[in-house]
Amino acid sequence: MTDPAAYTSSLDTRTPEAPQLKGQMGPIALALTVIAFAAPLASVVGVLPLVVMFGGVGAPIAFAAAMAMLLLFSVGYTAMSRYLPNPGAFYSYISAGLGQTFGLAASFIAVLGYLMVGLGIAIFFGIVAGDMVINTLHGPSLPWWLYSLALVAVVGILGYLRIDLSAKVLSVVMVLEIAIVLVFDVAVARSGGPEGFSLTSFRWDALTSGSVGVSILFAVITFLGFEATAIFREESRDPRKTIPRATYLGVSFIGVFYVLTTWLLVLAYGPSQAPAAATADPTGMFTNAMVKYAGVWAGDAISILVVTSAFAAVLSCQNIIARYCHSLGIDEALPSVLGRVHPRHGSPYVASLVLTVTMAAGILIFSGTDPNVTYAWMAGAGGFPLLFLMFLTSIAVILFFAKRREQIKDVSLWQTLVAPVLATAGLGMAVYLSATNFVALTGGNTLTAIVLQVVIWALFGAGLALALFYKAIRPNVYARIGRQQLN
């Protein structure tokens with residue numbers, strides 16, 4: 001077998017005595033950690049009805065198509081992980097396949113994308129936490145941003161500590177989220193819905209009767225986060241096995257979970273009525289069905305667990321962004337202080353603290369806005385750069401193996417070319433749909449959409465410019481970008 005270490009560089013500037021990131025996450029813990037970013041329960045409540053609205057009764061096919069495309073992406077992504085045992089995910093992969101210039105630019109908009117999604121979900125947390133306190137717990141009415149700041153503080157503490165603690169917290173929350181949705185699935189399956197069991201949702205013409213592109217776009221966005229498995233490489237147990245297993249497990253589980261639940265949500269209203277119900281009340285569609293089929297207690301449980309779902313998503317986001325910034329600090333592409341590791345907890349504590357302050361500042365900046373509008377456009381806009389980076393990563397996989405065709409012999413053409421090409425085509429279409437539907441994706445305000453696009457591409461351009469500056473003025477830093485080979 002070819003030695004993967006032969007294709008990695010030793011440009012890590014840390015001394016052997018310097019503290020290293022620590023963790024012992026296995027495939028299940030790692031999969032749950034990144035699935036938490038997708039906030040499965042919040043997606044079921046807030047996004048599944050949108051897929052039904054645009055895709056009609058064929059909405060389950062949209063999730064199946066998204067799962068198939070992302071599994072194809074995972075084939076090349078995980079194959080490359082065997083020969084690129086560096087943390088950094090998009091940052092390292094794009095640097096290795098497309099060069100350090102694109103790699104640094106990619107890291108900038110990766111941080112932006114995850115930060116926007118995380119901040120948007122933190123604002124959403126403030127909304128649902130406030131509603132839960134008033135309507136479920138009959139407590140006082142407090143400003144939403146107080147709940148969001150409290151969330152940022154708690155997440156900041158967990159992010160400062162060893163990743164294994166966060167993984168345990170996320171695992172518990174994920175189990176609770178999945179359990180309450182399965183209560184709904186079982187209740188509807190036992191009843192059969194008002195029109196009885198029907199497999200209409202799995203006929204292709206059922207999906208093509210709606211807005212296929214938009215429904216698949218929303219479906220793809222609900223998976224985002226699974227690709228971050230590689231960012232936790234240093235904190236995983238036997239990463240050569242853990243990373244691929246966690247990636248496939250994450251995509252497969254969440255895909256089957258969404259397909260099954262969307263089908264049963266359609267059955268809960270009846271295929272003839274489900275699209276109209278989604279259009280009339282998308283935010284209440286799932287909760288109303290839950291109360292009808294499982295009882296009021298289940299509706300109250302949903303209101304509580306949506307809060308914990310948002311908490312888990314922000315915690316996952318904190319861990320992901322902190323490790324991106326840590327990698328950039330190690331490579332000295334950003335201030336090296338970001339690369340410091342806590343001597344006891346083995347966590348990127350400086351990067352995590354900087355992120356906590358940034359998140360808190362963001363909450364305060366938006367405290368005077370309408371949180372329902374702000375979280376929607378922020379979360380929607382954050383998904384666009386992440387989709388774009390998945391597209392670039394698929395291209396990077398193809399180029400990475402093409403350059404090493406004579407050196408790497410123990411991978412198949414399916415892993416290095418066929419699956420990545422198919423994934424690139426699918427992700428390219430997703431990026432196109434995301435760009436052409438960006439106004440709808442960000443809440444319907446054209447000016448907001450234009451400003452966000454300018455910010456995203458300006459930051460990407462700034463990353464390109466900084467990389468070229470390093471190449472010309474500080475070649476040693478340029479060589480370290482992504483911790484790639486010098487040649």
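The following questions and answers introduce a predicted model.

Visitor: How many salt bridges does the structure hold?

Guide: Two pairs of side chains should be considered here. One salt bridge is formed by R82 with D410, and in another the side chains of E332 and R480 meet. The number of salt bridges in the structure is two.

Visitor: How many residues apart are R82 and D410, and in which loops do they lie?

Guide: The closest N and O atoms of R82 and D410 are 3.1 Å apart. R82 belongs to the loop between α4 and α5, while D410 belongs to the loop between α16 and α17. The pair therefore links distant parts of the chain, and the separation is 328 residues.

Visitor: Is R82 buried or exposed?

Guide: The term buried applies under 20% relative accessible area. R82 has a relative accessible area of 16%, whereas its partner D410 is partly exposed at 25%. R82 is therefore classed as buried.

Visitor: Which parts of the structure does the salt bridge between E332 and R480 tie together?

Guide: The N to O distance in the salt bridge of E332 and R480 is 2.7 Å. These two residues are 148 residues apart in sequence. The parts tied together are the loop between α14 and α15, where E332 lies, and helix α20, where R480 lies.

Visitor: What is the relative accessible area of R480?

Guide: E332 is partly exposed, with a relative accessible area of 27%. R480, by contrast, is buried. The value for R480 is 9%.

Visitor: What span does helix α15 reach from its first C-alpha to its last?

Guide: Helix α15 covers residues 349-365, which amount to 17 residues. At 1.5 Å a residue, the expected span is 24 Å, and the helix comes close to that figure. The span reached is 24 Å.

Visitor: Which helices are included in what covers the buried residues of α15?

Guide: The buried residues of α15 include Y349, V350, L355, M359 and I363. Others among them are A351, S352, T356 and G362. Their cover includes the helices α6, α7 and α14.

Visitor: Which residue joins its side chain to that of S303 in a polar contact?

Guide: S303 is found in helix α14 and is partly exposed, with a relative accessible area of 22%. Not counting residues up to four places away in sequence, S303 touches M132 and T136. The polar contact is 3.0 Å, and the residue that shares it with S303 is T136.

Visitor: How far apart in space are S303 and V128, C-alpha to C-alpha?

Guide: In sequence, S303 and V128 are 175 residues apart. In space, the C-alpha to C-alpha distance between them is 7.4 Å.

Visitor: With which residues is P244 in contact, leaving aside its neighbours within four places in sequence?

Guide: P244 has its place in helix α11 and is buried, with a relative accessible area of 14%. Its C-alpha lies 8.8 Å from that of A230, a residue 14 places away in sequence. Beyond its sequence neighbours, P244 is in contact with T78, S81 and P239.

Visitor: What accessible area do the residues of the nonpolar patch on the surface have together?

Guide: The patch is formed by L413, W414, L417, V418, V421 and L422. Among them, W414 is found in helix α17 and is partly exposed, with a relative accessible area of 41%. Together the residues of the patch have an accessible area of about 520 Å².

Key: Residues numbered from 1 in each chain as written. Predicted model: local features only at pLDDT ≥ 70, side-chain atom pairs only at ≥ 80, totals over all residues. Heavy atoms only, no water. Helix = DSSP H or I, 4+ residues; strand = E, 2+ residues; numbered from the N terminus. Expected span 1.5 Å × (residues − 1). Buried < 20%, exposed > 50% of the residue type's maximum accessible area, 1.4 Å probe, protein only. Contact = heavy atoms within 4.5 Å. Polar contact = N/O pair within 3.5 Å; in protein donor to acceptor, adjacent residues only side chain to side chain. Salt bridge = Lys/Arg side-chain N within 4 Å of Asp/Glu carboxyl O. Patch = residues over 30% accessible without salt bridge, like charges linked within 9 Å, V, L, I, M, F, W, Y side chains within 5 Å. Areas by Shrake-Rupley, 256 points an atom, 1.4 Å probe, with all protein chains shown as cover.
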